Amino acid sequence: MPPRRTRRHEGAGLEPIISVSGLSKTYASGFSALKGVDLEIRKGEIFALLGPNGAGKTTLISTICGIVNPSQGTILAAGHDVVRDYRAARKAIGLVPQELTTDAFETVWATVRFSRGLFGKAPNDKLIEKILRDLSLWDKKDSKIMALSGGMKRRVMIAKALSHEPDILFLDEPTAGVDVELRQDMWAMVRGLRESGVTIILTTHYIEEAEEMADRIGVIRKGEIILVEDKHVLMQKLGKKQLTLHLQAPLAAIPADLADHHLSLSEDGLDLTYTFDAQGDDTGIAALLRRLDNHGIDFKDLRTEESSLEEIFVSLVRGQQ
C-alpha cells in the first residue's frame, strides 16, 4: 500500500476526517435524493454505509467526492470544503466506483500511472509497483484491461484510486460480482489499507461484509441517515438472543400460563424457541426452565443464537417504513 506513517484505529474519539452538515440534494425533476444529512467519519476507521437500493448511498458518496453538486449543506474532506476548495479536497480522496469504467485497451501499468498524473503528482514508479504488488496485479502489469477478469478489473480500479496516495478511500460496492475467495482477499487488503492510515468508507449489499469489516455502521433510507453506531454497540443494543430447546416429545401448544414469555413453537412441536435480551439484568432463562419442568416438558438439547447484522438491518429499515 502507499507508504505512510502508520496510524492504528483507536475507536471512538478520533477527529473527523469527513464532516457533512445539512446536506441535501434535489434534482431538476424534483426528486429529493438526500435530505438534511449530518454525518462525521473518523480518521482511520472503516465506515460501512448500508441501505436498500435507491436509498441514496451512491448519491451521498458522489456528493462528498465532488461528482454531484449539493443543493444545500456543507462538506469538509480532510479540512477542505468540497465545493469552495475542490482540488485540495479531491486530492485527499480516492474513489472506487461501483461501475468498472477504465480504458479497455490500456495496460494495467499505464492506466494506474496515468491516474496518478491526473492529480498533479510527480511520477513515482516505485510506488506504482508497490501498489500493484500489494493488489496481486504485478504479473498483470503489461496486460490490457480488456483481458482481465472482473475481479482483477476491480483491483485495477482500487490501484487507480490509490495511485495519488489519498487519505480517504471510498469503495462503492467493492465486491459486487466478486467470488467468495477473492472477496476474502479484498477484505484483507482493506484492513491493510486501514492499518497504513487510510480512512475507508464502503457501501455494500453484502451485510456480512459490513459485519466482518466495519468499525462503525451508518444506515441510510430514502435519503436520510436513520442511524450511525459502533458496530458492536449496535449489535448489543438491537441484537436479540434466542434459546431453542429441542423437546423430548412433541408439544401440541404452548401452555397458556407461559404466554408472558417470548416463546414460539415449531410446526412439528419439537422445538421451543425463547427470545430474550442478552443485555438485560435477568435473561429469564432460569425461571422459564423451572416453569417448563413444572409442566413436565422435558428437552434433550438446547442451543443459543444471536441476531445477525442482517436481521438488525432489516428490522431497522422496516421499522422506518
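**Notes on the two sheets, their helices and the main pocket**

1. Let's start at a hairpin: Arg 221 has Glu 224 of S10 as its bridge partner. Bear in mind throughout that this is a predicted model. The strands involved are S9 (residues 216–221) and S10 (residues 224–230), an antiparallel pair held by six bridges. Two residues sit between the strands of this hairpin, and Lys 222 has a positive phi there, near 50°.

2. Now the sheet this hairpin belongs to. Six strands make up an open sheet, ordered S6-S7-S8-S3-S9-S10, and the pairing is mixed. The edge positions go to S6 and S10; each has a single partner strand, so one side of each has no neighbour in the sheet. From one strand to the next, the twist averages 15°.

3. What about the other pairing of S9? Strand S3 (residues 46–50) runs parallel to S9, with four bridges joining them. If you want a spot to click on, Phe 47 is opposite Arg 216 in S9. As a general reminder, strands in a sheet pair through backbone hydrogen bonds, in either parallel or antiparallel fashion.

4. The other sheet is an open one of four strands, in the order S2-S1-S4-S5, and its pairing is antiparallel. Here strand S2 (32–42) and strand S5 (80–81) are the edges, and since each has a single partner strand, one side of each is left without a neighbour in the sheet. Helix H1 (residues 57–64) packs on this sheet, where it touches S1, S2 and strand S4 (72–77), and its direction is about 65° from that of S2.

5. Strand S1 (residues 16–26) has pairings worth tracing one by one. With S2 it shares seven bridges, running antiparallel; Lys 25 is opposite Leu 34 in S2, and Val 20 is opposite Leu 39 in S2. S1 and S2 form a hairpin with five residues between them, and in the turn Gly 30 takes a positive phi of about 100°. S1 also runs antiparallel to S4, joined by five bridges, with Ser 21 having Thr 74 in S4 as its bridge partner.

6. Back to H1, which turns up on the six-strand sheet as well. H1 lies across S3, S6, strand S7 (168–172), strand S8 (199–203), S9 and S10, and runs at about 150° to S7. H6 lies across S3, S7 and S8, at about 145° to S8.

7. How do H5 and H6 pack? H5 and helix H6 (residues 180–195) make an angle of about 10°, and their axes are 11 Å apart. The two are therefore roughly parallel to each other. From H5, the contact uses Gly 151, Arg 154, Arg 155, Ile 158 and Leu 162, which meet Leu 182, Asp 185, Met 186, Met 189 and Leu 193 of H6. Sorted by class, that contact has six nonpolar, one polar and three charged residues.

8. Last, the pocket, in case you plan to look there. The largest one has a volume of about 280 Å³. Its lining has 13 residues, and those closest to the centre are Arg 90, Leu 95, Ser 115, Phe 119 and Lys 160. Strand S6 (93–96), helix H3 (108–118) and helix H5 (150–162) each contribute at least two residues to the lining of the largest pocket. By class, the lining splits into seven nonpolar, four polar and two charged residues.

Technical notes: Residues are numbered from 1 along each chain as its sequence is written. This is a predicted model: local features need pLDDT of at least 70, side-chain atom pairs count only at pLDDT 80 or more; totals for chains, interfaces and linings use all residues. Side-chain values use heavy atoms; hydrogens and water are left out. Two strands pair if DSSP finds at least two bridges between them. Contact means heavy atoms within 4.5 Å. Axes are lines fitted to C-alpha atoms, for helices over the stretch in contact, and angles run from 0 to 180 degrees between N-to-C directions. On a 1 Å grid over the protein atoms alone, a cavity is a set of points where a 1.4 Å probe fits but cannot get out, and a pocket is an open set with protein on both sides within 12 Å along at least five of seven lines; lining residues have an atom within 4 Å of a point. Grid points are joined across faces, edges and corners, and a volume is the space filled by probe spheres set on the points. Ala, Val, Leu, Ile, Met, Phe, Trp, Tyr, Cys and Pro count as nonpolar, Asp, Glu, Lys and Arg as charged, and the others, Gly among them, as polar. Angles under 35 degrees count as roughly parallel, over 145 as roughly antiparallel, 65 to 115 as roughly perpendicular and the rest as oblique.
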